[in-house]
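Me: Please take a close look at one helix of this model. Start with a single residue and work outwards.

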Amino acid sequence: MELSAYAADLMRVVSDPMAAQDDPLAHRSVDEARLSDHDLGALAVVAQRRLPGFGYSTLMYSLDVVLRTRQPRFTTQTCADFLDAVAGRAARDLGGHPTFAVNALLHCDGPWPPSAAKSIGSLLRSLIKNARFTAPYAMVALASVSGGLTGVLIRQVFKNTLPPIAQEELAVLTKIGPPSLLPIAELSSDRGYDLPPPSSGQWRRLADTEEYRAYCWAALRTAADRAARIHSGELPFVADKAFDHLEVATLGRAARVLLLLDERELPDLLRPLVFQVSVAPTAAKTLPSQALLYEIARAAIDFPTPEVLTILREARSRVRHKGVPKQLDRKLKMIELALADRPEVATRLPDLGFEADGTLEVAAGPQTAVLVATAEEVTLSWRADGGKVSATPSAAVKRDHKEVVAAARDLLKRAKAHHRSLVRALESGIAAPAEQTVDRWRAELGGTGLGLAVARGLIWEVEVSPSRWQSVVPEGGDFVGPDGVVVKPAGEAGIRLWHPIRSTVDEIQAWRERFLAASLRQPFKQAFREIYLLTPAEEQAGTESLRFAAHIVRYKQFYALVKGRGWSTPMLGPWDGGDFAEAMRVLPGGQWRVVLDQEYADADNECAVTGRIRFDRRVDGSFRSAGVAEAPPMLFSEAMRDVDLFVGVTSVAGDPEWTLRREQHHAYWWETGFGDLTETAQSRRDALARVLPRLNIADRCELRDRWLYVRGSLRTYKIHLGSGNILMEPDDAYLCIVPAHGKADQVYLPFTDDRLALILSKAFLLADDGKITDQSILRQIGVSDPAVTET
């Protein structure tokens, strides 16, 4: 296959960097958008052949980065050249990691080269001679290709006898041969640092192999039996020693394959295994295998199902080890977010017994436990025979019906967890809502009272005719449009979550009015959801957006929020290499990734600065840089919404005391804290415009541009709708207030927004400023004598 002109120029420079050191290309980063995957495969050969540190230019450095993040593809010829280069490095004891050879074989588009066996044999001999056994599964896989797989080799590369479960897996893999050994090697945790990430397609290869699927079931049954024997006392209990590390890796692979296939019998096998590795058979605050518990959780992050999430959540409530719950909580949240990428399973919920109206009642003598599921939450109250309702059971019920009280509270805990998981999965997937049939929707999400309670609080779209969709909400057993007209879609018609970016302004306003009129709060922000459209500047810039660049954020808070929203990023800090990082999130659907640059800027105040935003598209299993305008509008909008949230919540501009305590970043604090409104603040303004007329301070408030004006008896105040900061008329003097929410907590808001609640709390306080007694506030207002406020 012929190289592109750009790739040929790069080959010339990379092949002889000393001769080309004056070439301008040597001092530029690789423009990977101009390289095909086969171009990259040819360049990978040259990168393998070079000596360490030889000609390490800007070009070579950037090429190494591309080769670590993007998967090359090989022709038969470049595969032969690459295998020869890897073997040559190993012969010179300069590396030659065996997984590189595995990677080339798996991504060779033509037949394997005739010289493959010879090159691989040379590679293996060099590795064995130098006792380099860092990737045993890769070595075994390559030996199966070259025809040299022997028991002696297996004992050498694994250093000792394999533990039973791993030994059984290797026997099965050896019988199947390269079709399974190669994917296992690429997916193994002992991969080299310089390799691109493995593609999920390798899991599908394993899952499609009947013999390996059968082994997965057998391995998990063997593990469950061993855990049961430890708990029965038949086998000795030693903390964290129930399974060898190789067995843990093997069982993790088995769990991933069966979770990928969504095997319905799997939860019945995993439940006892997870519970028994989570708790010691004695009263000790240890457990048989932390490693296996975490590995199953990691498998569920890769291929989540609601059932395994439930099992892990129950295990979390049983574990006695002090440090495990915190680790599991992080993984449980990641599983909830990952469910959005498996819409075919995300809406399955266990039937906890809730009726279609969202209620569940449990009799407890003279009182009845009443659980109520709404779109927003699940609550528990206690109703006496006479009808009186209380938040807690009576003393008599606690005494005489302990089991019922405990069961009701446990049911509440489980219902809340399922409710939270469903809401997170649905919101995370709103950027690329999956379509399903109305019949399936009714059977799964609408088939349980808990799921229906969440569904009723959301707006959906049903396909009323080919390619024509109508927005609706579930009501009774029907669907109703924003005008109140009943819509009756066919059972085989499609249904999906509604997003305002696909709607007209009139339709969006109609839905907002409907929720406000009924004082309903959605489980997540949907009717009032912000829309982010591509700007001319972004379209012109090409591959980056600077819309949220140069914001100064409180880094610890920023980091926590980024991780909590399902983004991945390393921690920044005042250490070598800790001053710059990328935060990234693979967007729903798995075909796009958003990347946000961040830089550590101020160690004294623990601040960072945001940078550019970029989008990558998945091509042939790896991500490649794409133009901002190429990103689908809904994915673009949701990615920008996340970044707006990060900046809006953590920017120092939202700290009312910042300039009172610090001198740094004052200009930024002022310009941003009183500047133009972002889309999030615009949405807040629209909600406020609808809520204000309902408040008893409405006659003292007025919305103008980016401000909420509040007329008090002492002064008139301007509250910025973005930051919540306050200026006072007529001289725009700054007023620092950090109040509790107070009355604002009692005001109906159509969505949860801490900044909106804060703005309202300040509005209530300032509208009645004659009753303020706080001396620090009065001095800022200009009242020196508290007696003045009594008039």
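Reply: Contact here means heavy atoms within 4.5 Å. The model is predicted, so local features need pLDDT of at least 70, side-chain atom pairs count only at pLDDT 80 or more, and totals for chains, interfaces and linings use all residues. Residues are numbered from 1 along each chain as its sequence is written, and side-chain values use heavy atoms, with hydrogens and water left out.

Start at S180. This residue belongs to helix α10, residues 178-187 (helices are DSSP runs of H or I, at least four residues, numbered from the N terminus). S180 has a relative accessible area of 0%, so it counts as buried (under 20%, with a 1.4 Å probe and protein chains only). Set aside neighbours within four places in sequence, and S180 touches L173, L206 and T209. R205 lies 25 residues from S180 in sequence. In space, the C-alpha to C-alpha distance between S180 and R205 is 7.5 Å.

Now the whole helix. Because eight of its 10 residues are buried, α10 is largely enclosed by the rest of the structure. The buried set begins with S180, L181, L182 and P183. I184, A185, E186 and L187 complete it.

What do the buried residues of α10 pack against? Six helices appear in the list. They are α5 (98-106), α7 (136-146) and α9 (164-176), along with α11 (201-207), α12 (210-232) and α13 (245-260). Back at S180, its contact L173 falls within the range of α9, and its contact L206 within that of α11.

How values were computed
Helices (H or I, at least four residues) and strands (E, at least two) are DSSP runs, numbered from the N terminus. Buried means under 20% relative accessible area, exposed over 50%, partly exposed in between (1.4 Å probe, protein chains only).
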